[in-house]
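Colleague: I should be grateful for a close look at the interior of this model, with each term defined as it arises. Please then relate that interior to whatever surrounds it.

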Amino acid sequence: METNFIDYVKILCRSGKGGRGSAHMHRAKYNPNGGPDGGDGGRGGNIYLRGNRNYWTLLHLRYDRHIFAGHGGHGSKNRSHGSDGEDRYIDVPCGTVVYNAETGRYICDVTTDGQVVLLLKGGRGGLGNWNFRTSTNQAPRYAQPGEPMQELTVIMELKMLADVGLVGFPNAGKSTLVGAVSSARPKVAGYPFTTLEPSVGVVKYRDNRSFVIADIPGIIEGASEGRGLGLRFLRHIERNSVLLFMIPADADDIRHDYEVLLNELRTYNPDMLAKQRLLAVTKSDIIDQELIDLLSPTLPTDIPTIFISAVTGHNIPELKDMLWQALTAANTHTDSDILATDDAPALPSTTDAIVHRDKDLATLPEELTAEGEDLEIIDFDDIEDIDDYEEEEDEEGEEAHP
Ligand SMILES: Nc1nc2c(ncn2[C@@H]2O[C@H](COP(=O)(O)OP(=O)(O)OP(=O)(O)O)[C@@H](O)[C@H]2O)c(=O)[nH]1
Ligand SMILES: [Mg+2]
C-alpha cells in the first residue's frame, strides 16, 4: 500500500569504535630517550534517540536504515588525544517504541519532545603509553586498544499518543465524531474503509482543558486473522487509557457487534481489555425515541452507554463529560499498577496506559512480512569491516629541539 504514514521500521544502528591509545616514545635531537608520550584514543560516537514533535511518522527512517556513529581517532605522539567520534541522533516522533529486532525485547519508549535516550554507547578510547609509566617501568611500550563498536538492529514502532481511542466497524461514524468534537477534519464518507491511516484530534473541554482522541481505520470480524486492514492499527490505541466503542444505531445487533469488537481487541493484546470502555450508539438521529426505548434494554450491560449523533450534536457534550470523567478516573490508577508488569525494562517509560511487551520471536518474521520490513534491507557489504579500519602508524617523528 502506498502511504506516507509509516509506523513501523527496522533499522541497523552502530556506535563508533574507540580510538587506539598510542605507544609513542618521545625522541628529539638532544633528548633521544624522552620517554613515553603516546596519547589516548578518542571515544567512539554514541547513538541516541531523540523525541521530536515535528515528526508524525517514521517515514524518514525508511530512507535512512543504517545509522552509524563516527569512530574515535587514535591517540598520537606528544600526548595528543584522539578526536571523539561523531554522535548520531535519531529523531523520532513522540510515541515511538523501540525493540531489539533479534531478541524481540522491548528497549525503550520515547514519548516527549526533546527526550533523549542513549541507544548505543561508543567504545571507550584506549589509554596511551604515557598513562602506564611508573617508577619501575619508565618506558612502557604498550598502549590500550580502543573498545569495539556495538551493533544493534532495532524495530521502531509508532504508537500514537492519545487519551481516547475509537473502536468500531468501518462506517460507524468514527471520523464524523472526530470532526464534530475537534478541529481535525478526517475524511468522512458513506462507505467502509474511508479512513486508511490513523490520525488524532484535540478535543477542547471546559475550563481550557483538552484531551486527544485517536481515529483509526475500522476493524472487522476476523481482523485478527488479517481480514480488512487487520489489527495493525490497534497499536495506535494501545496507549489510550479510554476506549470509545462506536456502533451505529441501525446495526442489527449492537450487543453482538460489541462482543465481536471486544474479541478482536482481546486477540490483538489482552491488556487492551484492562482499559476503561464506553459505548456510543452513533447516528441516533436516524431512529426515533420509540426505537431508542426499544433498543436500550438490549444493549450490553457491562459498559456505560450513550446514544449520540455527531450530525445533530445530540448528546455530544454529555459524551465529552463521560470521556473526561473516565480519563480522570483512569489516570488515578495507571501510574501505580500498570508500570510494574514489564520484568526488566531497559529504560524507564513514561506513565501511560501502555504495557510494553517483548515481541514474540515466533511471530516476528510474519509481522515483518506484513509490515513490508522483511526484505534483506541490510546489506552487510555496506558495513565497513573492522579490519578495514585503517591503522595509521604512529610516526616516529623527529622533534625539533626546544
Ligand atoms: N445520520 C447520521 N449519519 C452519520 C452520523 N455520523 C456519521 N454518519 C455517516 O456515516 C457515514 C460514515 O461515517 P464515517 O465518519 O466516515 O465513518 P468511519 O467510522 O470513520 O468509517 P471508516 O473510516 O470507513 O472506518 C458517513 O456517510 C457519515 O455521514 C450521524 O451521527 N448521523
Ligand atoms: Mg473514518
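Modeller: The answer begins with the basis of the model, proceeds through the interior, and ends at the loops.

This is a predicted model, in which local features need pLDDT of at least 70 and side-chain atom pairs count only at pLDDT 80 or more, while totals for chains, interfaces and linings use all residues. Residues are numbered from 1 along each chain as its sequence is written, and chains are lettered from A and ligands numbered from 1 in the order in which they are written.

The protein has 402 residues, of which 40% count as buried. A residue is buried if 20 or more other C-beta atoms, placed from the backbone, lie within 10 Å of its own, exposed if 12 or fewer, and partly exposed in between. Six helices and 16 strands make up its secondary structure; these are DSSP runs numbered from the N terminus, helices being H or I over at least four residues and strands E over at least two. Among contacts with a separation of 6 or more, 74% link residues 24 or more positions apart; a contact requires C-beta atoms, placed from the backbone, within 7 Å of each other.

The largest nonpolar core contains 70 residues. Such a core is a set of buried Ala, Val, Leu, Ile, Met, Phe, Trp, Tyr and Cys residues joined through C-beta atoms within 7 Å. Val154, Val167, Ile213, Ala214, Leu244, Phe245 and Met246 have the most contacts inside this core. Strand β14 (residues 242–248) gives the most to this core, with six residues. At least three residues come from each of domain 1 (8–158 + 377–388) and domain 2 (164–353), the bounds being those of an automatic or database domain assignment. In soluble globular proteins, nonpolar side chains tend to be buried together.

Leu244 offers a good point of entry. Once its neighbours within four places in sequence are left aside, Leu244 is in contact with Val164, Leu166, Val167, Leu278, Ala280 and Leu323. Val164, Leu166 and Val167 bring us to strand β11, which spans residues 164–168 and has five of its five residues buried. In a regular strand the side chains alternate between the two faces of the sheet. Both faces of β11 are covered, with Val164, Leu166 and Gly168 buried on one side and Gly165 and Val167 buried on the other.

Which strands pair with β11, and in what sense? β11 and β14 pair in the parallel sense over five bridges, whereas two bridges join β11 to strand β13 (residues 210–215), also in parallel. Pairing here requires at least two DSSP bridges between the strands. Gly165 marks both pairings, for this residue stands opposite Leu243 in β14 and opposite Ala214 in β13.

Helix α2 (residues 174–181) is a further enclosed element. Six of the eight residues of α2 are buried, so this helix is largely enclosed by the rest of the structure. The buried residues of α2 are Lys174, Ser175, Thr176, Leu177, Val178 and Val181.

The same helix contributes to the surroundings of ligand 1: three residues of the shell, its largest share, come from α2. There are 24 residues around ligand 1, and Gly173, Ser175, Gly190, Thr195 and Gly218 come nearest; a residue is near a molecule if its C-beta atom, placed from the backbone, lies within 6 Å of it. The shell has 10 nonpolar, 11 polar and three charged residues. In this classification Ala, Val, Leu, Ile, Met, Phe, Trp, Tyr, Cys and Pro are nonpolar, Asp, Glu, Lys and Arg are charged, and the others, Gly among them, are polar.

The loops complete the account. Pro304, in the loop between α4 (289–295) and β16 (305–307), is exposed because 12 other C-beta atoms lie within 10 Å. Leaving aside its neighbours within four places in sequence, Pro304 is in contact with Leu278 and Met322. Leu278 is also a contact of Leu244. The C-alpha atoms of Pro304 and Leu279, 25 residues apart along the chain, are separated by 6.2 Å.

Asn315 lies in the loop between β16 and α5 (316–337). Its phi is near 65°, a positive value in a residue other than glycine, and Asn315 is partly exposed, with 18 other C-beta atoms within 10 Å. Most residues other than glycine have a negative phi.

Definitions and conventions:
Contact = placed C-beta atoms within 7 Å.
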